Amino acid sequence: MSFFAGIPEAAPIEVFHMNNLYLQDTSANKVNLTIGAYRTEEGKPWVLPVVHNAEVALANDESLNHEYLPVLGFDAFSKAATALVLGEDNPAIAEGRAFGIQCLSGTGSLRLGAEFLHSQCKMDVVYVSKPTWGNHKLVFKTAGFKEVRDYTYWDATNRRVDIEGLIKDLEAAPERAVVILHGCAHNPTGMDPTQEQWKQICEVVKAKKLFTFFDIAYQGFASGDADADAWAIRYFVSQGVEMVVAQSFAKNFGLYNERVGNLTIVVNDKSTIAGIKSQASLCVRANWSNPPAHGARIVHKVLTTPALRQEWFDCIKAMSSRIKEMRAALKGHLESLGTPGTWTHITQQIGMFSYTGLNPDQCDQLIQKHKVYLLRDGRINLCGLNTKNVEYVAKAIDDVVRG
Ligand code: PMP
């Protein structure tokens with residue numbers, strides 16, 4: 001007899017599974033376009049110099065220790081994170097209607113937000129874009145949401161946002177349904193709504209009394225401009241929309257394993273904040289009790305020290321520029337090879353991913369025949385490309401497209 005008898009084996013988590021297959025592959029020409037992490041031109045992870053310098057300063061700061069942080073985290077960090085996403089001079093901050101809770105990276109922020117909305121606001125239907133980041137559905141289901149529904153997002157034929165379908169689906173959503181919106185650099189499509197389309201989305205969210213849940217995992221990393229990447233969120237705030245925003249500092253600070261995140265909350269009535277904070281404290285207490293300090297101290301130091309903040313802006317520009325160069329190089333090679341199909345979407349999409357439009361068979365061929373690892377929905381991480389392998393990847397794509 002075993003208490004553990006009969007537990008079925010779950011399907012592997014695709015992105016980590018694919019990354020492992022890549023790591024196990026012994027081919028010299030293998031290319032990893034799977035996991036969403038930045039790589040340098042040399043194919044290496046990058047510790048941002050500004051992060052390294054902040055870490056050295058923190059290590060030498062004798063006033064710091066390893067005591068517990070408060071349940072809701074390092075408040076000065078959360079203030080800096082909230083100001084980063086809403087803009088320093090956002091009236092919601094000045095009016096005391098916006099605050100942050102330190103969470104475990106983007107995922108922990110989503111999880112806290114989901115649990116809080118379910119337990120305190122009695123919300124149990126959530127809408128996610130079709131397609132979306134693989135973890136959204138799991139997080140909301142695990143947090144108790146009864147229904148996770150899709151809203152139309154992607155027009156596969158024209159490789160653009162299907163705004164008509166999106167609006168139609170949100171119009172049909174029940175009141176108080178939660179809508180997850182990717183703040184910038186939509187994962188996996190890399191295609192964001194235009195400003196005009198965001199305005200339409202905001203209108204329907206307000207008219208239908210839907211609850212806005214922004215997920216922003218690529219602020220600054222997407223375009224190289226942290227303000228531009230937060231445009232949609234700031235627009236919704238300017239329209240009086242109450243919301244929560246899950247912020248991740250994994251990509252834009254290269255702090256993947258430090259789990260630095262923040263849940264920004266914007267309310268219309270600041271008298272609700274005491275209740276929110278006290279109930280959120282119980283949610284956190286039952287999950288991780290108190291967040292880790294190291295990464296939050298780094299982000300706080302960088303964001304609140306003008307010279308370091310400027311250095312960080314330079315770092316995110318360097319990362320986003322390299323990605324843009326790789327987009328142009330991949331598209332250029334495919335076009336000069338005359339690869340059937342159109343490839344302009346590669347440079348129209350933003351962030352680290354391209355939704356290539358390759359079908360699952362073509363993806364399997366890329367992996368098996370050419371050792372180019374990607375997700376089976378055709379999503380590639382541009383960061384895995386560099387000047388040495390981009391032509392090889394283009395030729396491999398050309399081969400599988402021609403069949
Ligand atoms: N949301 C989206 C859309 C993402 O792409 C990611 C990172 N892959 C996250 C949230 C959060 O990731 P993390 O928990 O590592 O911050």
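Which residues of β7 are buried on one side, and which on the other? In this predicted model, V178, I180 and H182 are buried on one side of β7, and V179 and L181 are buried on the other. Both faces of the strand are thus covered. The strand spans residues 178-182, and five of its five residues are buried.

β7 pairs with two strands, β3 and β8. Strand β3 covers residues 125-130 and runs parallel to β7, with two bridges between them. The bridge partner of V126 is V178 in β7. Y127 is likewise bridged to β7, with V179 as its partner. Both of these β7 residues are buried, V178 on one side of the strand and V179 on the other. The pairing with β8 is also parallel and is made by five bridges. Strand β8 comprises residues 211-216. Here L181 stands opposite F214. L181 shares its buried side of β7 with V179.

The path from β7 to β8 includes a helix. Helix α8, residues 195-207, joins with β7 and β8 in a β-α-β unit. This unit is right-handed.

β3 also pairs with β4, residues 147-152. The two strands run parallel and are joined by six bridges. One of the residue pairs is S129 with Y151, the latter in β4. Helix α6, residues 135-142, completes a β-α-β unit with β3 and β4. This unit, too, is right-handed.

At the level of the whole chain, two domains are assigned. Domain 1 consists of two segments, 14-47 and 321-402. Domain 2 is assigned to residues 68-304. The C-alpha centres of the two domains lie 29 Å apart. Contacts between them involve 17 residues of domain 1 and 17 residues of domain 2. On the domain 1 side, α1 (14-24) and β11 each supply at least two of the touching residues. The largest share, three residues, comes from β11. By class, this side of domain 1 has eight nonpolar, six polar and three charged residues.

Q349 was examined as a single position. The residue sits in the loop between α14 (345-348) and β11 (353-355). Q349 counts as buried because 22 other C-beta atoms lie within 10 Å, and the cut-off for a buried residue is 20 or more. Leaving aside residues up to four places away in sequence, Q349 touches T189, G190, M191, S354 and Y355. Among these, S354 and Y355 fall within β11. T189, G190 and M191 fall within the bounds of domain 2, whereas Q349 itself falls within the 321-402 segment of domain 1. G144 is not a neighbour of this kind: its C-alpha atom is separated from that of Q349 by 34 Å, and the two residues are 205 apart along the chain.

The UniProt record lists residues 29-397 as "domain: Aminotransferase class I/classII large", in an unreviewed entry. Over this range the chain is 45% helix and 15% strand. The C-alpha atoms at the two ends of the range are 14 Å apart.

Technical notes
Residues are numbered from 1 along each chain as its sequence is written. This is a predicted model: local features need pLDDT of at least 70, side-chain atom pairs count only at pLDDT 80 or more; totals for chains, interfaces and linings use all residues. Helices (H or I, at least four residues) and strands (E, at least two) are DSSP runs, numbered from the N terminus. A residue is buried if 20 or more other C-beta atoms lie within 10 Å of its own, exposed if 12 or fewer, and partly exposed in between; C-beta atoms are placed from the backbone. Two residues are in contact if their C-beta atoms, placed from the backbone, lie within 7 Å. UniProt positions are given in the numbering used here, feature names are shortened, and annotations may be inferred rather than shown by experiment. Domain bounds come from an automatic or database domain assignment. Ala, Val, Leu, Ile, Met, Phe, Trp, Tyr, Cys and Pro count as nonpolar, Asp, Glu, Lys and Arg as charged, and the others, Gly among them, as polar. Two strands pair if DSSP finds at least two bridges between them. A crossover is right-handed if, with the strands pointing away from the viewer, the path from the first strand over the helix to the second runs clockwise.
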